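Here is a short walk through the structure, one selection at a time. Have your viewer open and follow along.

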Amino acid sequence: MPESKKSASSPRGKAAGKKAATAAPKSGSARGGAKSAKRKLRAAVVGLGDISRLHMPGYVDNPDCELYAVCDCAEEKVCACVDCWSPRKHYADFKELLADPSIDIVEILTPHHLHCEMVIAAANAGKHVSVQKPMCNSLAEADRMIEAARRNGVMLKVFENFVFYPPYVKAKELVAAGEIGEPLTVRFKLGTCMFGARYYPLSVELWHMLEVEKGMGQAIFDDGYHKLSQAVDLIGDIDVVRGWVDRSFAYADMPGALMWRYKNSDCLGVFDLGLSPNLYNKSNYFSADERIDITGSKGSISITRCSAQMLDAPALTLVKGGRRILFDDIRADWQDSFADSTRHFAKCVRFGGEPLLTGERGKKIVQFAYACIIAGKTRGEIRPDDLTDDVIAELNK
Ligand SMILES: NC(=O)c1ccc[n+]([C@@H]2O[C@H](COP(=O)([O-])OP(=O)(O)OC[C@H]3O[C@@H](n4cnc5c(N)ncnc54)[C@H](O)[C@@H]3O)[C@@H](O)[C@H]2O)c1
């Protein structure tokens, strides 16, 4: 760690403020009521791996929250992050970070299997928590996380950024305004391509493989979490799922075709997934061909991209009344969805309001994802609401 970058709270410094571990949040929190916090909030980002670089810009010129501290158990990642983003403090030990009473919000960007215990520890330390998707690996873990946030009076947000992707946000507004009439079908496409993306560290692939071994398919449970989250956000809760899911290259849960009925809408949902090993798809992020088509009783909406730009087409198109309306100038960089998500949560914490997604919603998406995985395996009809961890363990062998 470069000497000049060491802070008073260096991991090798004194165990700063251990007694502050139960400090109450000072901001407009659930615990403190929905009152407005006068000062800017202070966030700490924990887990400075691959995705963290997309979280940091959300704090630049953020009127409600500053990047105050960062933490990773890998020293070189802390150094690189401190060099780039100049947080006031940095830690190698998560427990020491939690003891810092100045921190209002903790963003957890660690591998999935660590989310549950880290969220609970952060909530117990009185911090508001944002945790990257997928929320956790089991329904029992989700319940414990929700309960810890409730008990400590802090907000819990599952950071699922696709619901903040500006073309999607606009599409949702158009649907709500009745521009396409009654939604009849909504189709999500995920085409994973192996060429055209930026560098992706092998270390990230490795821990993902271990999750896959435990039955959490990378396409449906991990990347699919985004699409399933949008599916619920757009239309509502899921009644029943059916599908077929095969395997590619031994571990990838693709190709697949899933479909579902909603509880309170006649709209039907479809999600198709495929892996194209030799398809080049240029992206600054992940090389995924992601599209959404929403068909309504008097119009249709297409979103043609998200993390990559497969088609030379506007990000968003509305067809109605015999006309095509192209949203050429809409913000459509995938990174915008991260910044908008970060800013939204800071506003919720500072001024009151419900985060998108709450812990409860995050749990529903975990349940929906398992329903898709199990429907794809058993080829039967699966109701997400019927799933418990025991049922999942039995059916997802
Ligand atoms: N929203 C998206 O589009 C998107 C994309 C990729 C990843 N993610 C999610 O982000 C999370 C992290 O993924 P990633 O790709 O950045 O993984 P990564 O392996 O690159 O980063 C994880 C980091 O956590 C650190 N870490 C592990 N244990 C720690 C501990 N106890 N204390 C402090 N640091 C610790 C590791 O050293 C590593 O730097 C996952 O939940 C993943 O699903 C989301």
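**Start in the sheet**

This is a predicted model. Select residues 288-296 and 299-303 to begin: these are strand 11 and strand 12, an antiparallel pair joined by four bridges. Show the side chain of Ile294 next, and you will find Ile301 of strand 12 standing opposite.

Now widen the view to the whole sheet. It is open, has eight strands with mixed pairing, and follows the order 8-9-10-7-11-12-13-14. Strand 8 (238-245) and strand 14 (323-327) sit at the edges with a single partner strand each, so one side of each has no neighbour in the sheet. From one strand to the next, the twist averages 15°.

**Add the helices**

Select residues 166-176. This is helix 6, which lies across strands 7, 11, 12, 13 and 14 and runs at about 170° to strand 12. Then pick residues 218-234 for helix 8, lying across strands 7, 8, 9 and 10 at about 155° to strand 7.

**Move to the ligand**

Which residues come nearest to the ligand? Of the 25 around the ligand, they are Gly47, Gly49, Asp50, Ile51 and Gln132. Two elements give two or more residues to this shell: helix 4 (112-124) and helix 7 (202-213). Helix 7 gives the most, with three residues.

Colour the shell by class and you should see 12 nonpolar, eight polar and five charged residues. Finally, colour by domain: domain 1 (3-159) and domain 2 (163-334 + 368-378) each supply at least three residues to the shell around the ligand.

Conventions. Residues are numbered from 1 along each chain as its sequence is written. This is a predicted model: local features need pLDDT of at least 70, side-chain atom pairs count only at pLDDT 80 or more; totals for chains, interfaces and linings use all residues. A residue is near a molecule or strand if its C-beta atom, placed from the backbone, lies within 6 Å of it. Ala, Val, Leu, Ile, Met, Phe, Trp, Tyr, Cys and Pro count as nonpolar, Asp, Glu, Lys and Arg as charged, and the others, Gly among them, as polar. Domain bounds come from an automatic or database domain assignment. Two strands pair if DSSP finds at least two bridges between them. Axes are lines fitted to C-alpha atoms, for helices over the stretch in contact, and angles run from 0 to 180 degrees between N-to-C directions. Two residues are in contact if their C-beta atoms, placed from the backbone, lie within 7 Å.
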